[in-house]
Structure formats: C-alpha cells, structure tokens
Amino acid sequence: MGFSGFIKGFSGFYRNKPRIKPYPFGYYKSRASSHSYNFNADDSILPVLIVGAGPVGLVLSILLTKLGVKCAILEKSKAFSSHPQAHFINNRSMEVFRKLDGLAEEIRSSQPPVELWRKFIYCTSLTGSIIGSVDHMQPQDFEKVISPVSVAHFSQYKLSRLLLKKLEDLNFHVHRPESQEDLDSGPLKGGELLMGHECISINATDQSITATASHIVEGKYMERNIDCSILVGTDGAGSTIRNLVGIELRGEKDLQRLLSIHFFSRDLGQYLLNERPGMLFFIFNTEAIGVLVAHDLKQGEFILQVPFYPPQQNVDDFNLEICEKLIFKLVGRELLDIDVIEIKPWVMHAEVAEKFVNCDNRIILAGDAAHRFPPAGGFGMNTGIQDVHNLAWKIASVMKGIAPSSIIRTYEMERRPIAIFNTALSVQNFKAAMAVPAALGLDPSIANSVHQVINDGVASILPSGIQKAILDGIFTIGRAQLSESLLNEKNPLGSSRLAKVRRIFEEGKSLQLQFPAEDLGFRYHEGAVIPDNDSMVGVLEPPTGRRRDYIPSANPGSRLPHMDVRISSNLSSEVTVSTLDLLCGDRVEFLLIVAPLEESYQLARAAFKVAEEFKVSVKVCVLWPADSLDEFEARSKKALTPWKNYIDVVEVRKPSNPSSWWSICQMTDKGAILVRPDEHIAWCVKSGVDKDPVSEMTRVFTAILGVK
Ligand SMILES: Cc1cc2nc3c(=O)[nH]c(=O)nc-3n(C[C@H](O)[C@H](O)[C@H](O)COP(=O)(O)OP(=O)(O)OC[C@H]3O[C@@H](n4cnc5c(N)ncnc54)[C@H](O)[C@@H]3O)c2cc1C
C-alpha cells in the first residue's frame, strides 16, 4: 500500500470516530433483537468482509459459509504465494479441518509419510556427523485415544490450495485480476474472493463499515468501496486493518532476523530420504550455520533458515550464487540439481494486539494480525485457525439474531489470553531451540548482542564495510568452536560440550515438536462460558518449552474430550464417530450430553424448552455405557418425546484406555455437559442439577449468549 493510501485510511477512520458510540460496559446486552446496529436488515450491505486470504482468512470464509453467513474476501496479492512457511498442523487444527468436508483426510493422504518427518536431526553437515537426533512421535500419538486425528506436516501453500478448492466447492468465485470483467461494480453479494484488491482505508458509520480497496485494471489505478456489517482483518503480521484502527501490539519486537531460502533438490531429498529422514535439520559447522526445513523429501522441497544481520548484511548480499554456496556448505557437498526459487527476509517478533475487537464489535482481528510469535513449536497459523473457529459461530449467532453483538467481545476475552500464552510458549520454544548451539559453545544470543553493540556503539560510526568485516570476524571466531579438532571426545572441552548436548536431548530440553497439553488442553476461563467452582483445575502451568501430556477435562471452557461412540440406530452397521462429531459445524447448535437417568432426561427436556424460547438449536446426546443392552432407543424416545433432536450413542472403550466417558471427564454420570458449536464446553454440572432445571437452563443460555 502506498503511503498516501495509509494516511487516507487513517484519517478516514478517525473522521467518523466521534460518531461511533462505545458499547455499554460489560458483556451483557439487553436483548438479542435490540442491537445498537442492525446487523442483518439491509441486503445492500455485505454481512462479513474478510481482509486477507492467508490460511486464517480462508478458514474463516469456509466456516462462515458453512454456517450460512455471506462473506467476501479481499486479497492484495494477485496470486497465491508458493513460499512454504508453516508446515506443522497441530492436533486441534486437524480436528477443525475434519469438519471442513474431509479436509483433514485430504491433508493426511497428501502429506509425506510420518516416518519421513518424525525426527529433528542435529549435525555438522547434512552428509557429515550426526550430533544427535530426537524422535518426536510417541506410541500414544498413533493410538487416537485423545483425538480422532493426528498432527500433520503439510506446507502452508499446499494447504491454501486445498482451502481454496473447498471454498470453490461452496460456490465461492475467485476473481483474479485477469478475470474481473465478470465482476460488476455493485455491492458484493457474498461468495467473492477479490485477488489484487488491497484494503487501504476503513470508514465506520452508524449503519455499516465501508472498506476501500485499491486495484489495478488495465494499468489504471481504481478504488472500490465495500459496505459491510462486520470486517475481519486476517491480513497478517503487518496488518493494515490493525494499523488503520490504531490498535497497538504489546510484547517484544525484533527477536531475530532471518532469511528464508526456498529451494528444490531431488538429489538432496533422495539422499536424506534414504540416509537420515527428518523434518528439521539443525546444522552447525565452521563455515555456516542454518536450519533446514524438509517440506517434502520426495519432491526435494526445502526451506533454509539462516540468521541475518542488517544493516551490515542486506538481502542483496544473498544472491542466488551465494545462497547456493551456503547450501553446499551446509550439505557438505555440491548439488547439481539445486534450484533456488525465492529468498525472503523475515523478522521474528513476540507480540499480541492490545485489542482483538474494535468499533462496537464490528472490526475484528484474527491470526497473525492479532498475534505474531516465533514459529518455534508451530503455533502461529494454528493459533489463527483456532481464533476463527472460536469467532465464526459467534458471528453467525449475531447474523441470525440468536445473540446480541456483544457476544463478539467474548472472542477477545477467550482468545487473547490464549494468544498471550502461546506467545510465551513460542518464546520458550525458541529458547529451547538455542539450547543445543549454546551447549556447543555457539550462543546465538551472544551473536545478537555483538550485533547490537556494533549497531549502537562506537563501531556504528565506522564505514559499513568495516562493520561487516568486524561482524564476519566475530562469526568466524564463533563458528571455530565447531571445528572437528575441538568438538570431539578426545578434547576435554569438546567432550564436555558433547556430554552437555546429550543431556539436553535425554532430558527433553531441546526444541519439541508436539505440545499436547497446550495443543488440546487450552481452556477459556471467561467469555461465553459459565465458570464452575473448581475453575482453576486444569489451568495450564506456565510454559516450559517441554512436551507435556494432555489431560482430558470437562471443565467449562475446555475442548470437549474425545471418545469413540457408536451411534445406536446404526448398531448393525457399527458406525463409530468421535464425541467431537456430535456437533456438525453447519449450524449454530449446542449439544447437551447426559446419561440415561431420569433426572438427566428431565434436564434435557428443560434444555429443549429453554432453547426454543431463545430460538437457538440444542441437540441432546444420551450417552450409554459400553455394556448397554439394546433397549435404550425406546427409553430415550419415551423420556424425550415430543422433542426430536436427540441421539443415543454407546461408549466404545479402547483397550489402551478402558475408562468410561464420565471418568474421562472426571465426573459422575449424574452430571451433564453443555457444548458450544466450537466444541468447547459452555457449562458443566458434575453431579446433577439441584435447582429447577428450567430456571437453571434459562440462567445458562442467558449468560452464554449474553442476552438478558
Ligand atoms: C519460517 C516460518 C515457519 C512457520 N511455521 C509454522 C508452522 O509450522 N505452524 C504454524 O502454525 N505456523 C507457522 N508459521 C507461522 C505462519 O506462517 C503464520 O502464522 C500464518 O501465515 C498466519 O496466517 P494469516 O492468515 O493470519 O496471515 P498471512 O498468512 O500472513 O496472510 C495474510 C494475507 O493478507 C493479505 N493482506 C495483507 N494486507 C492486506 C490488505 N491491506 N488488503 C488485502 N489483503 C491483505 C496478504 O497478502 C496475505 O495473503 C511459520 C512462519 C514462518 C515465517
């Protein structure tokens, strides 16, 4: 975006600011039908405009479309990037993808086999000695006890292609710059992805948000105004939307600058596939240091990450030839088929936006626009995907008149603490990634400090060539610590350093790949949930950067635990699904899980009655013990008629985990669990409701939806 565009956008927003009434304090709004704005009355106003078609924007558009909310996307690039960034998809994101018409299964079948990426390897060169290797998969990761799906290794650009295909299957039309004649200048109706359209300003009025997008048609600069009810900025780490609304980031900037070198070599891929398959290769030798990400060994697709120290170094110093030489130094030999595709600098930050929601709940940030942290541990894209999973059903509730717009505020209440936690976790992981080089006598924080001294101290007045020579000299001395004459078992210093490295691996203190406790165990403590008395149980300990097990819990705010259950009406065909599948993702629907007990049936009838009054859908799941006989259908029918939206399911216990559903949830079968459309627990009673069930359910839905 040009400078003038930014200024225009900035003043455009603030020009109208005095006219924007702040939302009343507190989460409650008087009634779902009495919003300060009318979110769904005017057909000429697009319900939701998404700015940015990265993975987060694309996932949001799919979720909203499936929930029946019309949306369109603006994307400033003319074409999708094929620079592979993210590649690790965590368990929770894969669970979200299971609900996107089989996306998780497509990823699972297209990704490289797990044997090729389960390890991180530390070596002196890709063909030289191995300092150590860490296998990140444990037997339980394959047993599907805690989740119906596993983590995946799949490049971000390939994921974006699959997401785009899903969107097109949902009748979205991608308007590329060359095919925009078919796009009229009237209001967007929803279902459009406008490539080559950069959002440059936002104008908020009492009726709507107007976003202005610039685009080039046949060499001519054009602007297009789009009126929408809600605008979601999924426009990445340098978010224009965040800047336009004046939201600050809090945290640490500029932790490290790196160059990302994207290259192909089938020769290298084949060699690693046969000799030492892995996902990440940490390479340390006297000539070069770098981290190689093997995106796909079969295709020979790699990203090399190397530290980069501007202003003494600049991107132009790393031309194709220099990058090839650097790669050869790290490989330990030349590669005849090397093909360097792209060289991209990037900066690592650890920051979270001070607000995720602004402008009377109408401008929302998600993904990297709301938080940007080190990629160590792979939480960046995953956190963004989980942001929009939290957000989509709330936007749909507002658009369908189920909840007032204040429910959007619970998105910030729930997701911002998770972003802050994941930032700390990623910083810990980044530090864990430094443990091995530090033990080898190569502390990267020293390199950063030396660089800082050159920039800030006396050396900063020296000519740039001399500054560069000083920096190069210091790096050469540092890398000398890795010489074979020093780093060997016969040299006392080398042998003590190697022993230190072995201890780091044994104690699990090097960079980990999997974080089950944080991946599946994150929990919302306030927002669209009813906290219980033991709400501190299950609170995550501060991050340590080490792998910790996930412990299932039915505490409010937690993700619903997974267990395989058999659908009773399909006993003969033995259809087994996950408890997570009991919510479909195609409508704003809550799920009440109860045992087949008279008082639980009474609670279920109360939930149906209250939900009808609140005009929200509730499905009841009657969960039968594994040894149940077949008489249950008749029993539930008798207890729940005339209500129809219920399902009887039977536990399927695994030999590796024979616990019952209620003990997995750490409660008795007299309890009940109310689950939100995003599979997080809204309310839970651990051993029966001791109040009138109708008034209890009224209290619960009033609080969750924010309706009085
Ligand atoms: C080296 C590296 C490795 C990583 N590995 C992982 C990993 O393994 N797992 C993981 O979870 N994360 C990882 N990440 C982080 C991950 O890549 C990001 O978190 C992710 O791309 C964020 O997605 P997003 O959709 O929020 O933003 P982006 O992917 O940045 O998408 C934003 C989009 O908005 C568009 N845009 C920007 N401004 C405008 C505007 N004004 N108007 C219209 N469009 C606009 C951009 O063109 C872009 O397409 C890694 C990052 C790096 C750098």
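**Exercise 1. The ligand shell**

How many residues surround the ligand, and which are the closest? Describe the make-up of this shell and the polar contacts to the ligand.

*Solution.* The model is a predicted one, and the first step is to count the shell: 32 residues surround the ligand, with E75, Q156, D368, M381 and N382 as the closest. Sorted by class, this shell holds 12 nonpolar, 15 polar and 5 charged residues.

The second step is to assign the shell to secondary structure. Helix 2 (55-66), strand 2 (71-75), strand 9 (198-204) and helix 9 (380-399) each contribute at least two residues to it, and the largest share, 3 residues, is that of helix 9.

The third step turns to single atoms. An oxygen atom of the ligand lies 3.1 Å from a backbone N or O atom of V56, and an oxygen atom of the ligand is also 3.1 Å from a polar backbone atom of G378. In the case of T240, an N or O atom of the side chain is 3.1 Å from a nitrogen atom of the ligand. The ligand on its own has 1000 Å² of accessible area, of which the protein covers 88%.

**Exercise 2. Aromatic rings**

Work out how the rings of F590 and F701 are arranged, and then treat the rings of W661 and W662 in the same way.

*Solution.* A pair of aromatic rings is described by the distance of the centres and the angle of the planes. The count for the model comes to 13 aromatic pairs. For F590 and F701 the centres are 5.5 Å apart and the planes stand at 80°, an edge-to-face arrangement. This pair links distant parts of the chain, since F590 belongs to strand 22 (residues 589-594) and F701 to helix 18 (residues 693-705), 111 residues apart. Both F590 and F701 are buried.

For W661 and W662 the centres are 6.4 Å apart and the angle between the planes is 75°; because planes over 60 degrees apart count as edge-to-face, this pair is edge-to-face. W661 and W662 are buried as well.

Two further arrangements complete the picture. F120, Y122, F282 and F505 are linked into a cluster by ring pairs, and the charged end of R333 sits over the ring of Y271, at 5.7 Å from its centre.

**Exercise 3. Buried or exposed?**

Decide for T423, D690, N361 and Q666 whether each is buried, partly exposed or exposed, and place each in the chain.

*Solution.* T423 lies in helix 10 (residues 407-439), and its relative accessible area of 7% makes it buried, because the limit is under 20%. The side chain of T423 reaches the backbone oxygen of A419 at 2.5 Å.

D690 sits in the loop between strand 26 (681-685) and helix 18, and at 75% relative accessibility D690 is exposed, because the limit is over 50%. Its C-alpha is 10.0 Å from that of E599, although the two residues are 91 apart in sequence.

N361 and Q666 are residues other than glycine with a positive phi, near 70° for N361 and near 55° for Q666. N361 occupies the loop between strand 17 (357-358) and strand 18 (363-365) and is buried at 2% relative accessibility, whereas Q666, in the loop between helix 17 (661-664) and strand 25 (672-675), is partly exposed at 46%.

**Exercise 4. A cis peptide bond**

Which residues does a cis peptide bond join?

*Solution.* The bond joins T641 and P642, with omega about 15°; P642 is placed in the loop between helix 16 (632-640) and strand 24 (646-651).

Technical notes
Residues numbered from 1 in each chain as written. Heavy atoms only, no water. Near = heavy atom within 4 Å. Polar contact = N/O pair within 3.5 Å; in protein donor to acceptor, adjacent residues only side chain to side chain. Areas by Shrake-Rupley, 256 points an atom, 1.4 Å probe, with all protein chains shown as cover. Helix = DSSP H or I, 4+ residues; strand = E, 2+ residues; numbered from the N terminus. Nonpolar A, V, L, I, M, F, W, Y, C, P; charged D, E, K, R; others polar. Phe/Tyr/Trp six-rings, centres within 6.5 Å; stacked < 30°, edge-to-face > 60°. Buried < 20%, exposed > 50% of the residue type's maximum accessible area, 1.4 Å probe, protein only. Lys NZ or Arg CZ within 6 Å of the ring centre and 35° of its normal.
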